[in-house]
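Please work through the exercises below with the sequence and the model open. Each task is followed by a solution in steps.

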Amino acid sequence: TEAIGLYNLGQSCCLNSLLQVFLMNIHFTGILRRITVPSSPVQRRNNVPYQMLLLLEKMQCGKCKAVSPTDLACCLSLHRVKLFVQHDAAQLFLTLWNLLKKQMKKPELVEELRDLYTICIQEHLACQKCSFEMKTNSTMLTLPLPVLDANSHRLKTLEKSLQYFFHPEELTGQNMCFCQQCGRKTTFLQSMKLVRLPQTLTLHLKRFCFERSSHTHKLSHCLPFPQELDFNEVLTENQCQADDGEKATWQYELFAVVAHSGSTSCGHYCAYVRSLTECKWYCFNDSVVCQVSWDDVKCTYGHSSLYWRETAYLLVYMKKHPQ
C-alpha cells in the first residue's frame, strides 16, 4: 500500500529509477501478472519478466521501506547488461523493454506490450525536382527530442521541441538523396508524420551533446514541460497521419520524470512518479522514497547556471482517454 524504495547495488540508480517507472504503471503490471512462469529453476533465474514480477511481489508484500533488486540485477547481467557501471537511462530503457518483449512467451502479451509503449511514425521523402515520393512506416520506443535547434539556439518549451522534431528538413549538399525518377542525386524534403501514439508515451530529452572532439557535455538549460499535453494543439495537420478516432485519444497527463543530476562522467538518476491510484507525486531516490509536490517536480526543468542540479531526461506521459 506504500511506495517502496530499491537499494542501490553500486551505481544502480539508473536501473532503480526505470524499474520504479515500470512497476508503478498499473497497465504494465497488468501485463506482467499474466506471464507464463518458466518451468525450471535455471529458466526462472534467466527470465527478466519473471524476475521483475518477483520484485514487484516483494515490493508489494514486504513491510520494509526498501527492498533489494539483486536477483533481477543478476538476471540482467546474464543478458549482458553490465552491473556497477553508469548507464544512460534512454539506452537502458530500450534494453529492458527488448528483453521483456523477447522473453514474454504469450504472443498476445507481446502485442499488448507493443501497444502500451510503441510510437508509430511515417517518414516522408519528397524530391524537390519532380513528384517522386517515398513513405516508410516505423515504430519507436521513445521520441528523441532535441533541446537545441540546428543553429544551437535553445528550444524554450517541450511543445517547441516537439514541433521542431516534426518540422520538415531540406536535405541538400552531402545529404542529397538519389531520385529514381530523376536518375541522379537531388534535394529532398524529409518530414516525419505521427501515425499512432501509445497509452504510455516516453519522450527522451537529448540533454547529452556529443562534440567532434568525442567529448560529451550536458545541456542543463531550462526547458519547461506541462502536466497536460494535447498533441492536437501542438502539431499541425501536415505533421499527423492519423484518423479522427486516433487523434481523439491524444490528450496526455504526465506520469513520470526520470531526472539526471551531475555531469556526464559522474551523475545520479532518480524518478518522480505520480501514483495512478492515489494521484500523488513521489520521488524515488534509490532506497529513499518521499511524497513531493508538483513544484518539486518542476525543479527538474533545468537551469543553465546550476549544472549539477537535477534535470529531466525522460518524460513519461499517460493517455487521459484511451480507446
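**Exercise 1: The largest pocket**

Determine the volume of the largest pocket, and establish where it lies with respect to the domains.

*Solution.* The model is a predicted one.

Step 1. The volume of the largest pocket is about 870 Å³.

Step 2. The pocket is lined by 33 residues, and those closest to its centre are Pro144, Pro146, Val147, Lys206 and Phe208.

Step 3. At least two lining residues come from each of helix H6 (89-103), helix H8 (158-165), strand E9 (188-196), strand E11 (208-210) and strand E15 (267-274).

Step 4. Sorted by class, the lining comprises 16 nonpolar, 12 polar and five charged residues.

Step 5. Because domain 1 (1-118) and domain 2 (140-166 + 199-322) both contribute residues to this lining, the largest pocket lies between them.

**Exercise 2: The second largest pocket**

Characterise the second largest pocket by its volume, and identify the element that gives the most to its lining.

*Solution.* Step 1. The second largest pocket holds about 390 Å³ of space.

Step 2. Its lining consists of 18 residues, with Glu2, Ala3, Leu23, Met24 and Gln60 nearest the centre.

Step 3. Two or more lining residues are given by each of H1, helix H2 (26-32), H4 and strand E16 (281-285). H4 gives the most, namely three residues.

Step 4. The lining divides into 10 nonpolar, six polar and two charged residues.

Step 5. Domain 1 and domain 2 both supply lining residues, so the second largest pocket lies between them.

**Exercise 3: Packing of H1 and H4**

Classify the relative orientation of helices H1 and H4, and describe the residues of their contact.

*Solution.* Step 1. Helix H1 spans residues 13-23 and helix H4 residues 48-61; their axes come within 11 Å and cross at roughly 80 degrees.

Step 2. An angle of 65 to 115 degrees counts as roughly perpendicular. H1 is therefore roughly perpendicular to H4.

Step 3. On the H1 side, Leu19, Gln20 and Leu23 meet Met52, Leu55, Leu56 and Met59 of H4.

Step 4. The contact of H1 with H4 is made up of six nonpolar residues, one polar residue and no charged residue.

**Exercise 4: The two domains**

How many residues of domain 1 are in contact with domain 2, and how far apart do the C-alpha centres of the domains lie?

*Solution.* Step 1. The domain assignment gives domain 1 as 1-118 and domain 2 as 140-166 + 199-322.

Step 2. Their C-alpha centres lie 22 Å apart.

Step 3. With contact taken as heavy atoms within 4.5 Å, 32 residues of domain 1 are in contact with 31 residues of domain 2.

Technical notes:
Residues numbered from 1 in each chain as written. Predicted model: local features only at pLDDT ≥ 70, side-chain atom pairs only at ≥ 80, totals over all residues. Heavy atoms only, no water. Axes fitted to C-alpha atoms, helices over the stretch in contact; angles between N-to-C directions. Helix = DSSP H or I, 4+ residues; strand = E, 2+ residues; numbered from the N terminus. Parallel < 35°, antiparallel > 145°, perpendicular 65-115°, else oblique. Nonpolar A, V, L, I, M, F, W, Y, C, P; charged D, E, K, R; others polar. 1 Å grid on protein atoms, 1.4 Å probe; cavity = no way out; pocket = protein on both sides within 12 Å on 5 of 7 lines; lining within 4 Å. Points joined across faces, edges and corners; volume = space filled by probe spheres on them. Domains from an automatic or database assignment.
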